[in-house]
Amino acid sequence: MQFPIESLNLRMLNVGLAHHDGDWNWQGVSSPFTRIYYVTQGEAWLHLEERRVRLRPNHLYMIPAHTPHSYECKGVFVHYYLHVYEGLKNETNVIEMYEFPTEVEAEDGDMELMASMCRRHPEAKLPESDPKSYDNTTQFTDYMRRYHEMPLWQKMELRGMTLTLFSRFMHHAKPRLWTRNERMTRVLDHVNKHLYEDINAEALADVACVTKPYLARLFKREFGFSPLQYINLKKMERAQLLLLTEDLSVKEVAYKLGFSDISYFIRLFKRMTGATPQAYRRHI
């Protein structure tokens with residue numbers, strides 16, 4: 001699988017250097033952006049759903065967007081952090097297309113690259129380390145404003161440094177095989193490319209060249225849930241990112257994602273995230 005580099009629209013949200021002494025122990029973290037860490041001193045543990053990873057010096061770590069995780073730190077721990085997300089102009093999400101390693105060995109110059117990004121963008125440092133303090137609309141809106149006000153050369157420089165660090169993981173990434181069924185591959189691709197539209201089961205059945213009942217059975221057997229559940233999952237993931245990075249009302253976000261019934265959108269969002277869109281904006 002080849003992903004055109006011109007379609008990879010990674011944007012930086014935050015970059016900084018964090019010093020901890022047994023106080024990096026946040027639980028139940030999950031955000032609509034990807035986190036990259038470079039550890040310089042000490043150690044900590046990253047807890048994922050099925051395993052835990054020891055964070056150690058001179059290594060890079062990636063936590064993809066929408067990945068539930070927790071941290072454990074019992075002593076001195078120093079690390080650079082970089083938060084990035086994919087721009088919304090292209091519906092193909094490289095983070096979802098590939099399986100990325102959680103840990104890679106850092107290359108010469110990676111620490112200086114992180115340090116350089118911190119020096120060039122001190123305003124992008126997090127106000128504090130608690131994710132609940134910065135995963136909110138006010139912070140994200142400010143990040144977006146700063147980015148759009150950057151001169152072109154600075155955007156190019158920032159994109160180059162971000163892509164360089166991201167490439168360390170891309171070097172070891174493998175195409176994600178969601179299914180070996182070609183018809184189901186077409187269905188998934190159609191959903192991801194038409195998230196801003198009202199996608200119905202009839203359209204997906206046409207894409208797969210099967211009847212609607214057969215599509216439902218085939219999809220359920222292949223993935224364990226219905227086509228509608230998958231559509232709603234992807235729309236709610238995109239809604240989270242829109243709520244945090246775009247200056248849009250809840251109604252505008254719902255309409256943008258193809259929902260004509262605002263009440264249904266709010267109920268669905270709360271059922272899948274545990275919070276209403278308004279509450280999500282205030283506090284993840």
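Is Glu202 buried, exposed or partly exposed? Glu202 is partly exposed, with a relative accessible area of 41%. The tour comes back to this residue at its last stop. The model on screen is a predicted one.

**The whole chain**

Start with everything selected and coloured by secondary structure. The protein has 12 helices and 10 strands. It consists of 284 residues, and 49% of them count as buried. Its accessible surface comes to about 14,300 Å², and carbon and sulfur atoms account for 50% of that area. Contacts across the sequence are worth a look too: of those between residues at least 6 apart, 75% join residues at least 24 apart.

**The largest nonpolar core**

Next select Leu60, Leu82, Phe100, Met114, Met117 and Phe166. These are the residues with the most contacts inside the largest nonpolar core, which has 32 residues. Several elements supply at least two residues each to this core: the strands β1 (10-21), β2 (34-42), β5 (59-63) and β7 (76-86), and the helices α1 (94-97), α2 (110-120) and α5 (152-170). Helix α5 gives the largest share, six residues. Apart from this core lies another, of 23 residues, with Leu13, Val29, Ala44 and Tyr85 among them.

**Strand β5**

Now select residues 59-63, the strand β5. How many of its five residues are buried? Five of the five are buried, so the strand is mostly covered. Turn the view to see its two faces. His59, Tyr61 and Ile63 are on one side, Leu60 and Met62 are on the other, and all of these residues are buried.

Add the neighbouring strands to the selection. β2 and β5 run antiparallel and are joined by four bridges. Within this pairing, Tyr38 has Leu60 of β5 as its bridge partner. Strand β9 (residues 103-105) also pairs with β5 in the antiparallel sense, over three bridges. There, His59 stands opposite Glu105 of β9.

**Helix α2**

Select residues 110-120, the helix α2. Its buried residues are Asp110, Leu113, Met114, Ala115, Ser116, Met117 and Cys118. An α-helix has 3.6 residues a turn, so residues three or four places apart point the same way. To see what covers the buried residues of α2, show β1, β2, β5, β7 and α5, which are included in that cover. Two of the buried residues, Met114 and Met117, were already selected at the core stop, being among those with the most contacts inside it.

**Arg168**

Move to Arg168, which is found in helix α5. Arg168 is buried, with a relative accessible area of 15%. Which residues is Arg168 in contact with, leaving aside its neighbours within four places in sequence? They are Leu60, Val104, Glu107 and Asp110.

Keep Glu107 in view. The side chains of Arg168 and Glu107 form a salt bridge, with 3.5 Å from N to O. Why does this pair tie together separate parts of the chain? Arg168 lies in helix α5 while Glu107 lies in the loop between β9 and α2, so the salt bridge links parts 61 residues apart in sequence. The two ends differ in exposure: Arg168 is buried at 15% relative accessible area, whereas Glu107 counts as partly exposed at 43%. The two side chains are also joined by a polar contact of 3.5 Å.

**Other salt bridges**

The count of salt bridges in the model comes to 12. Select Arg52, Glu72 and Lys74, which are linked in a network of salt bridges. Within this network, Glu72 and Lys74 have their closest N and O atoms 3.5 Å apart. Lys74 is exposed, with a relative accessible area of 74%.

For the last stop, select Glu202 and Lys212. These two form a salt bridge in which the closest N and O atoms are 3.0 Å apart. Glu202 lies in helix α7 (residues 201-208) and Lys212 in helix α8 (residues 212-223), so the pair ties together parts that are 10 residues apart in sequence. Is Lys212 buried, exposed or partly exposed? Lys212 is partly exposed, with a relative accessible area of 40%. Glu202 is partly exposed as well, at 41%.

Key
Residues are numbered from 1 along each chain as its sequence is written. This is a predicted model: local features need pLDDT of at least 70, side-chain atom pairs count only at pLDDT 80 or more; totals for chains, interfaces and linings use all residues. Side-chain values use heavy atoms; hydrogens and water are left out. A nonpolar core is a set of buried Ala, Val, Leu, Ile, Met, Phe, Trp, Tyr and Cys residues joined through side-chain atoms within 4.5 Å. Buried means under 20% relative accessible area, exposed over 50%, partly exposed in between (1.4 Å probe, protein chains only). Two strands pair if DSSP finds at least two bridges between them. A salt bridge is a side-chain nitrogen of Lys or Arg within 4 Å of a carboxyl oxygen of Asp or Glu. A polar contact is a pair of N or O atoms within 3.5 Å; within protein, one must be able to donate a hydrogen and the other to accept it, and residues adjacent in sequence count only if both atoms are side-chain atoms. Contact means heavy atoms within 4.5 Å. Accessible areas come from the Shrake-Rupley method with a 1.4 Å probe; for residues, only the protein chains shown count as cover.
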